[in-house]
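I opened this entry to keep track of what I looked up, one topic at a time. The notes follow the order in which I checked things.

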Amino acid sequence: MRIKLDENLSMNTSRNDSRAWRVAILGATGMVGRTMLTCLASSSIRVRELVLLASPHSAGTVLNFRGSDVPVEPVSAELFRGIDLALFSAGAAASGKWAPVACAAGAPVVDNSSRWRMDPAVPLVVPEVNAHALPPRRAAREDGGAQGALIANPNCATIQLVVALEPIRAAFGLERVVLATYQSASGKGQTGLQALAEERNEGRAHSAAFPAPLLGNVIPQCDIFLDDGYTREEEKTILETRKILGMPGLAVHPTCVRVPVDVGHAEAVYLETSRPATAAAVRAVLALAPGIVLVGDSETPPFPTPLAAAGTDPVWVGRVRTDRCEPRGVHLWIVADNLRKGAATNAVQIAEAWWEREG
Ligand SMILES: NC(=O)c1ccc[n+]([C@@H]2O[C@H](COP(=O)([O-])OP(=O)(O)OC[C@H]3O[C@@H](n4cnc5c(N)ncnc54)[C@H](OP(=O)(O)O)[C@@H]3O)[C@@H](O)[C@H]2O)c1
């Protein structure tokens with residue numbers, strides 16, 4: 001069902017702008033999908049029709065967008081015809097099935113799942129870092145039709161990491177990154193957030209959502225274990241960081257940890273630059289970098305936290321200090337809302353980059 005939006009409610013931009021897009025969101029009922037709806041509503045993109053898609057399980061659900069009620073419907077191929085932007089956040093299996101269908105129908109797709117991220121033909125984009133990798137929204141096909149572009153949105157832990165790494169790389173070079181993540185329950189979607197709430201509110205020992213009780217605990221496992229003892233989340237952090245920064249040989253050493261926090265991922269990062277970098281010089285670079293809020297040592301508290309970052313769009317950086325043993329070593333504490341900059345905000349920023357380019 002195509003919901004035509006009230007002209008007065010469908011825009012958040014100049015009255016002279018006659019452009020407006022038909023937008024689809026696959027996975028609209030999920031943690032990220034609902035946040036995409038919020039981020040799209042506050043974006044500069046003018047939306048004339050909105051198609052909200054999920055599994056048959058969500059039939060009957062109604063979500064609000066810029067004051068209009070929009071029903072959620074089961075995904076099907078014909079719904080992608082005429083779509084100007086499709087935001088996907090329904091997991092890797094659904095993306096594997098529906099992204100080729102949507103793109104072939106001419107719909108440009110920004111996919112939030114892991115399915116296409118490491119495909120060499122698919123750009124993996126964080127606008128503050130590699131907006132240059134973003135192709136046009138559509139390309140002409142030999143048969144005269146239009147092919148929608150497919151763009152991958154990176155993993156949440158990777159996005160906040162590369163936003164902080166890129167300005168340091170550009171200024172001082174980058175040799176090595178060692179990090180431990182502190183990832184919230186909502187990183188595992190609705191199931192994860194609900195499991196933590198049940199442990200907290202109902203005293204439930206723990207659910208299948210996590211491999212151990214999460215309340216009062218920390219779990220050094222996000223996603224499944226691979227043969228060499230790394231987890232898939234750690235593998236994603238390594239491979240995606242290299243791809244986005246365009247540094248295929250970069251040494252990245254992650255340990256990914258789940259913590260009993262609702263929303264917001266934190267990362268303790270140690271990095272080594274190619275050229276010596278004082279803490280003051282790194283702070284000066286970060287203070288001017290796009291998408292970053294630097295929390296100064298004189299602020300109260302003098303560091304960002306997930307609780308403070310939840311519901312916000314920037315990547316928050318604090319605890320910037322040079323290493324005591326290694327002159328090219330720098331420590332950072334990086335925090336972001338995993339549902340926003342770690343997922344929905346980044347996807348909508350990609351869409352906004354298209355919107356602005358096409359003027
Ligand atoms: N949570 C995060 O912090 C985060 C960050 C970055 C990336 N991601 C990625 O974003 C995606 C969604 O994550 P989430 O946290 O929002 O998960 P979620 O809360 O579990 O939501 C999943 C969404 O996908 C829909 N869906 C599942 N299978 C489907 C199918 N076969 N066909 C159509 N719709 C289907 C669900 O619809 P129903 O409600 O109808 O079941 C729901 O709308 C995942 O790929 C995840 O890895 C998540």
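**Ligand shell**

I sorted the shell around the ligand by class and got eleven nonpolar, 19 polar and no charged residues. The model is a predicted one, and I read everything below with that in mind. In total, 30 residues surround the ligand, and the closest are Gly27, Gly30, Ser58, Ala90 and Gly189. I then asked which helices supply at least two residues of this shell. They are helix 1 (31-41), helix 2 (92-104), helix 5 (189-202) and helix 9 (340-357). Domain 1 and domain 2 each give the shell at least three residues.

**Domains**

I looked up the domain assignment next: domain 1 covers 3-153 + 343-357, and domain 2 covers 156-338. Taken over C-alpha atoms, the centres of the two domains are 27 Å apart. How many residues are in contact across the two domains? I find 13 from domain 1 against 19 from domain 2. On the side of domain 1 that touches domain 2, helix 3 (127-130) and helix 9 each supply at least two residues. By class, that side of domain 1 has six nonpolar, five polar and two charged residues.

**Nonpolar cores**

I turned to the largest nonpolar core, which has 98 residues. Ala24, Leu53, Ala86 and Val317 have the most contacts inside this core. Its largest share, ten residues, comes from helix 4 (residues 156-172). Why does this core lie between the domains? Domain 1 and domain 2 both give residues to the core, so I place it between them. I also noted a second, separate core of six residues, with Ala195, Leu196, Phe210 and Leu214 among them.

**Ala86 and strand 6**

I followed Ala86 further, as one of the residues with the most contacts in the largest core. Setting aside neighbours within four places in sequence, I list its contacts as Ala24, Leu26, Phe80, Ala102, Ala107, Pro108 and Val109.

Ala86 belongs to strand 6 (residues 85-88), and I checked whether the faces of this strand are buried or exposed. Both faces are covered: Leu85 and Leu87 are buried on one side, Ala86 and Phe88 on the other.

I then looked for the pairing of strand 6. With strand 2 (residues 21-26), strand 6 pairs in the parallel sense over four bridges, and Val23 has Leu85 as its bridge partner in strand 6. With strand 7 (residues 109-111), strand 6 also pairs in the parallel sense, over three bridges. There I noted Asp111 of strand 7 as the bridge partner of Phe88.

Notes: Residues numbered from 1 in each chain as written. Predicted model: local features only at pLDDT ≥ 70, side-chain atom pairs only at ≥ 80, totals over all residues. Core = buried A, V, L, I, M, F, W, Y, C linked by C-beta atoms within 7 Å. Buried ≥ 20, exposed ≤ 12 C-beta atoms within 10 Å, placed from the backbone. Domains from an automatic or database assignment. Contact = placed C-beta atoms within 7 Å. Near = placed C-beta within 6 Å. Nonpolar A, V, L, I, M, F, W, Y, C, P; charged D, E, K, R; others polar. Pairing = 2+ DSSP bridges.
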